[in-house]
Amino acid sequence: MPVSSFELKRILRPNILALEPYRCARDDYSEGILLDANENSYGAAYRAEIAEASDGGAAPRISAGADEMSLHRYPDPLGREVKRRILELRPGVPSIDNVFLGVGSDEVIDLVVRITCRPGVDKILITPPTYGMYKVVASVNDVGVVKVPLVVDGGSFQLDTEAVVEAAVADPAIKVIWLCSPGNPTGTRLREEDVRRVLDSPFAGLVVVDEAYVDFLRPERGGSCAALVTEYPGLVVMQTMSKSFGLAGIRLGVGIASRELVYYLNNTKAPYNVSTLSLRVAREALSDAGLQKMRQVTRCLAAQRDEYLIPELKRLPHVGAILGGNDANFVLCRFVDGAGSPSNEIAKGLYTEMAENRGLVVRFRGLDHGCEGCLRITVGTAAENATVVATLRSLLSAIA
Ligand SMILES: Cc1ncc(COP(=O)(O)O)c(C=O)c1O
């Protein structure tokens, strides 16, 4: 929705608008003798140097052990240094005040629903096949789900744009539209003009574009739409350190949006949601050297995908097609029966046999809209990809 007609206050829950946020100690001061947050002044206990008093009666003498991360202190509640680095990564995002950090993008998903949707009253709109957590978060928060499926013909996996707009505009209870680009499990980047069409429509709620896989896009296929948050105050762009940066274990997700929306997300989150350890690793990963390596790794994974995995899979018997745009670090492989029809029986059989007897785990997606007969296979290392291909070849050759 264009700047002129979007009003954030109309779509936030009244309790969130009225919320007086918790003020944490580190919001005020972070230097000097810090006796304001009930931290442990002796440092991390497990690293303390402890000398028992020689007379046995007095308390032991304790000095803090080496701890360059000051783990006994609460972290920066806003992760400001990491946000500064994110601005380097996503040019066009004006300020760290436009960036929210969550415990994985899964926390961002939950917070977006919690600040906008009243339980038992409001709804979200999703476009299946899509990432499963949107629906799960809606259920947890007792929020309804309206589905407008992607156009799946020929594995295109693009928005049914007019149907999305029509459904969203027709039902004022819909507060958030979730778009996933590149999509999971589709691996397909949505057309930018379609995303803009939704943003330009009279829909008065938030439009979230989940870009978890954006760094795997070939440059000629486009890039992030994070910079559009300056144009569209109803837009939230989600990203994550879990995929291209290879840091799923630190649980760091990013929401890029208007300053006003980020303000409310910050008010709602737990005060110190992202740990010192996660912030420390993220800062390193987002350094100039870290970014350069991330780009090398994503190029290497894309090459494995395009030059080895896809062509080799296509050569196998019973592989009907590799669906979607292949814009992510996985492929959606459709298996067909002897008559050329998509076969969940074959896909499920392969999935189970590989997981239970071959130590090779992929994901069965055959029940998702437009994904009949499909396995979603993450691009592995060169050796792992060779194993997937060889295992599938041997199993498929045995099928009549
Ligand atoms: C589209 C999409 N969004 C979000 C996530 C979750 O990311 P995070 O690890 O940051 O919670 C995933 C994880 O698979 C995903 O596929």
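**Exercise 1. Cysteines**

Cys180 is buried, at a relative accessible area of 7%. Buried here means under 20% relative accessible area, exposed over 50%, and partly exposed in between, with a 1.4 Å probe and protein chains only. The model is predicted: local features need pLDDT of at least 70, side-chain atom pairs count only at pLDDT 80 or more, and totals for chains, interfaces and linings use all residues. Residues are numbered from 1 along each chain as its sequence is written, and side-chain values use heavy atoms, with hydrogens and water left out.

Task: find how many disulfides the model holds.

Solution.
- Start with the bond. A disulfide covalently joins the sulfur atoms of two cysteines.
- Set the cut-off. The two cysteine sulfur atoms must lie within 2.5 Å.
- Count. The result is zero disulfides.
- Check Cys180. The nearest cysteine sulfur belongs to Cys225, 12 Å away, and Cys180 is in no disulfide.
- Check Cys374. Its nearest cysteine sulfur is that of Cys371, at 5.1 Å, and Cys374 is in no disulfide.
- Add the burial of Cys374. Its relative accessibility is 0%, which counts as buried.

**Exercise 2. The ligand shell**

Task: describe the residues around the ligand and the polar contacts of Asn184, Thr240 and Arg251.

Solution.
- Define the shell. A residue belongs if one of its heavy atoms lies within 4 Å of the molecule.
- Count the shell. There are 13 residues around the ligand, and the closest are Ser105, Asp210, Tyr213, Thr240 and Ser242.
- Sort them. The shell has four nonpolar, five polar and four charged residues. Ala, Val, Leu, Ile, Met, Phe, Trp, Tyr, Cys and Pro count as nonpolar, Asp, Glu, Lys and Arg as charged, and the others, Gly among them, as polar.
- Find the main contributor. Helix 5, residues 104-116, gives the most to the shell, with three residues. Helices are DSSP runs of H or I with at least four residues, strands are E runs of at least two, and both are numbered from the N terminus.
- List the polar contacts (pairs of N or O atoms within 3.5 Å). Thr240 has a side-chain N or O atom 2.6 Å from a ligand oxygen. For Asn184, a polar side-chain atom lies 2.8 Å from a ligand oxygen. For Arg251, a polar side-chain atom is also 2.8 Å from an oxygen of the ligand.
- Finish with area. Alone, the ligand exposes 400 Å², and the protein buries 92% of that. These areas use the Shrake-Rupley method with a 1.4 Å probe.

**Exercise 3. Salt bridges**

Task: state how many salt bridges the whole structure has, then place three pairs along the chain.

Solution.
- Fix the rule. A side-chain nitrogen of Lys or Arg must be within 4 Å of a carboxyl oxygen of Asp or Glu.
- Count. The search finds 27 salt bridges.
- Take Arg73 and Glu39. Their closest N and O atoms are 2.5 Å apart. Arg73 is in the loop between strand 2 (61-63) and helix 4 (80-89), Glu39 in the loop between helix 3 (25-28) and strand 1 (49-51), and 34 residues separate them. Arg73 is partly exposed at 22%. Glu39 is buried at 14%.
- Take Arg85 and Asp288. The closest N and O atoms are 2.9 Å apart. Arg85 is in helix 4 and Asp288 in helix 11 (residues 288-314), so the pair ties together parts 203 residues apart in sequence. Asp288 is exposed at 57%.
- Take Glu192 and Arg196. Their closest N and O atoms are 3.8 Å apart. Both sit in helix 8 (residues 192-200), four residues apart, so about one helical turn separates them.
- Close with a network. Salt bridges link Arg218, Arg221, Arg305, Asp306 and Asp327.

Note on methods
Polar contact = N/O pair within 3.5 Å; in protein donor to acceptor, adjacent residues only side chain to side chain.
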